[in-house]
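Me: I'd like a close look at one part of this model, with the salt bridges as the way in. Here is what I have in front of me.

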Amino acid sequence: MRNGITFVHSADLHMDSLFKTKGHLPEELLERLRAGTFEAFDRLIQVCIKEEADFLLIAGDVYHEELRSLKAQVHVRRGFEKLQKHGIDVFVSFGNHDFTSGTEHAVSFPENVFLFESERVQEVPFYKQGELLAHIYGFSYETRVVKEHKAQEFQKTGHPPYHIAMLHGSLESNTDHDVYAPFTLEELKRTGMDYWALGHIHKREILSADPLIIYPGNTQGRSQKEQGPKGCYVIEEQEGEWVHRFQPLHSFVYESVTVPVPPLENPNELERVLENVKHHVAESGGSVMLSVTIEGSGHQWKRWWSSGVMDEWKDIVNENEDVTEDGWVWIEDVRLDERISWTEEDLHGPHFTGEFLKKVNEADDEALDSWLAPLYDHRKVSRFVPSLNEKEQAEVLEKAKAVAVNQLLGSGDDGFDHT
């Protein structure tokens with residue numbers, strides 16, 4: 001018997017994330033944010049039912065950190081019970097955030113749910129109408145960190161029509177995230193699996209079309225680092241043809257916009273600028289947590305920011321937003337990108353500023369590490385300084401150059417985006 005297969009691939013639900021940095025927001029909005037991961041999960045369950053999926057895959061980080069609140073566990077159990085009533089199985093692995101030794105499971109799941117609870121890769125048979133349709137392969141993190149190349153442990157067994165693997169990890173070459181359970185595409189392809197259901201990276205990405213190797217991303221964005229639509233993938237195979245469809249699940253999205261603004265005579269004009277931005281974003285539909293960057297020139301921007309008037313106008317513009325209804329747009333922060341009147345080409349030459357730029361541009365990773373070392377080694381400051389990937393290091397270096405050059409030129413412009 002082989003009449004195709006349909007399943008839903010999700011990962012990184014991070015149920016009951018606490019949004020710890022959002023304490024300054026109104027309680028009504030905080031409640032909407034806190035509910036986001038639960039609402040995304042509910043939509044995930046509805047997608048499975050609507051698509052008449054054979055099963056649901058959740059490739060790690062169902063919960064957030066060791067915080068497996070009873071509320072989150074019961075909510076997940078009830079969702080799985082709904083799937084059980086529709087004959088839909090569930091396969092769950094745990095990742096670096098909800099590793100199995102972190103907290104005991106207080107809630108038991110129904111019989112349609114299989115939990116990968118060992119760090120040893122194992123296969124689980126999936127039967128449809130009494131016949132073997134697929135082997136599902138996976139493992140879970142027992143501790144927060146898994147550094148081994150787990151992909152090498154995946155071995156096809158038996159002869160079901162489909163072999164489907166779940167892996168919570170990252171490409172060995174990925175420098176944007178902590179590299180756990182690293183793998184290469186060649187390692188995955190050598191296993192001969194029909195489909196790789198990945199998790200850990202919160203940005204959806206199709207790494208390979210043959211075989212399909214997919215990151216679905218997380219189901220609900222939780223900060224400006226996780227912008228855009230979030231959801232899951234519906235996967236179908238019929239007569240040798242694999243089809244994948246992204247299905248949004250989010251309750252709201254994070255977005256950022258940059259707005260060039262001509263010189264303003266009065267800070268009251270900021271109200272019009274911010275209202276126009278919100279109106280433009282609202283036209284796309286859906287609810288949005290928005291970060292606005294204003295591009296402008298002139299010293300008034302710094303005065304308005306340092307005096308707090310820009311934040312005041314942001315708060316005033318947000319006051320009339322009804323976050324209890326769908327389609328709200330909330331300006332989370334307003335940043336400044338002050339246009340500076342110099343270019344590096346203009347400043348290169350046999351003078352102090354030119355020599356300074358030359359030395360900075362010649363700096364290698366070792367030099368940058370030595371410049372940042374006092375921050376990371378400081379007993380009180382180090383815990384507030386996040387680690388930086390290569391892209392972030394380059395951005396910091398560029399901003400530092402702007403700060404120094406503007407001070408050297410006497411402009412008083414510090415070159416930073418202010419939040």
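Which residue does Asp54 form a salt bridge with, and how far apart are the closest N and O atoms? Please take that pair slowly, then walk outward from there.

Reply: Happy to. Keep in mind that this is a predicted model.

Asp54 pairs with Lys128, and the closest N and O atoms sit 3.0 Å apart. That is inside the 4 Å cut-off, so the contact counts as a salt bridge. Side chains of opposite charge can pair when their charged atoms come close. Along the chain the partners are 74 residues apart, so to speak a link between distant parts: Asp54 is in the loop between H1 and E2, while Lys128 belongs to strand E5, residues 122-128.

How covered are the two ends? Asp54 has a relative accessible area of 8%, so it is buried. Lys128 comes out at 19%, and because buried means under 20%, Lys128 is buried too.

Now step back into H1, the helix on one side of that loop. Arg32 in helix H1 forms a salt bridge with Asp326, with 3.1 Å between the closest N and O atoms. This pair also ties distant parts of the chain, 294 residues apart, with Asp326 in the loop between helix H6 (309-319) and strand E15 (329-338). Here the ends differ in cover: Arg32 is buried at 17% relative accessibility, whereas Asp326 is exposed at 65%. There is also a network of salt bridges that links Glu27, Glu31 and Arg34.

For contrast, take Lys314 and Asp315, whose closest N and O atoms are 3.8 Å apart. That value is still within 4 Å, so the pair makes the list. Lys314 is buried, with 10% relative accessibility, and Asp315 is partly exposed at 42%. Across the structure the count comes to 14 salt bridges.

Back to the loops, since two Asp residues have backbone angles you may want to look at. Asp16 has a positive phi of about 65° without being a glycine. Asp16 lies in the loop between strand E1 (5-10) and helix H1 (27-50), and its relative accessible area of 17% makes it buried. Asp61 has a positive phi as well, near 55°, and is likewise a residue other than glycine. You'll find Asp61 in the loop between strand E2 (55-59) and H2, where it is buried with a relative accessible area of 0%. A further backbone item is the cis peptide bond joining Asp210 and Pro211, with omega about 0°. Pro211 is in the loop between strand E9 (205-209) and strand E10 (212-215).

Next, the rings. Phe55, Phe126 and Trp242 are among the members of one aromatic cluster, which also includes Phe7, Phe91, Tyr162 and Tyr195. A search of the whole structure turns up 15 aromatic pairs. One of them is Phe80 with Phe109, 5.2 Å centre to centre with 70° between the planes, an edge-to-face pair. Phe80 is in helix H2 (residues 70-85) and Phe109 in the loop between strand E3 (89-93) and strand E4 (113-116), so to put it in chain terms, the pair links distant parts 29 residues apart. Phe80 is buried at 1% relative accessibility, and Phe109 is partly exposed at 21%. Phe114 and Phe116 are edge-to-face as well, because their planes meet at 80°, with ring centres 5.0 Å apart. Of these two, Phe114 is partly exposed at 27%, while Phe116 is buried at 0%.

Last, some charge on the outside. Asp364, Asp365, Glu366, Asp369 and Glu390 form a negative surface patch. Helix H9 (residues 365-377) supplies the largest share, three residues. Glu390 lies in helix H10, residues 390-409, and is exposed with a relative accessible area of 56%. Patch members must have no salt bridge, so Glu390 is unpaired by that rule, whereas your starting residue, Asp54, is paired with Lys128 and buried at 8%.

Terms used:
Residues are numbered from 1 along each chain as its sequence is written. Side-chain values use heavy atoms; hydrogens and water are left out. Patches are made of residues with over 30% relative accessible area and no salt bridge: like charges are joined within 9 Å, nonpolar side chains (Val, Leu, Ile, Met, Phe, Trp, Tyr) within 5 Å. Accessible areas come from the Shrake-Rupley method with a 1.4 Å probe; for residues, only the protein chains shown count as cover. A salt bridge is a side-chain nitrogen of Lys or Arg within 4 Å of a carboxyl oxygen of Asp or Glu. Lys and Arg count as positive and Asp and Glu as negative; His and the chain ends are not counted. The place of a charge is taken as NZ of Lys, CZ of Arg, CG of Asp or CD of Glu. Helices (H or I, at least four residues) and strands (E, at least two) are DSSP runs, numbered from the N terminus. Buried means under 20% relative accessible area, exposed over 50%, partly exposed in between (1.4 Å probe, protein chains only). Rings of Phe, Tyr and Trp (its six-membered ring) pair if their centres lie within 6.5 Å; planes under 30 degrees apart count as stacked, over 60 as edge-to-face and the rest as tilted.
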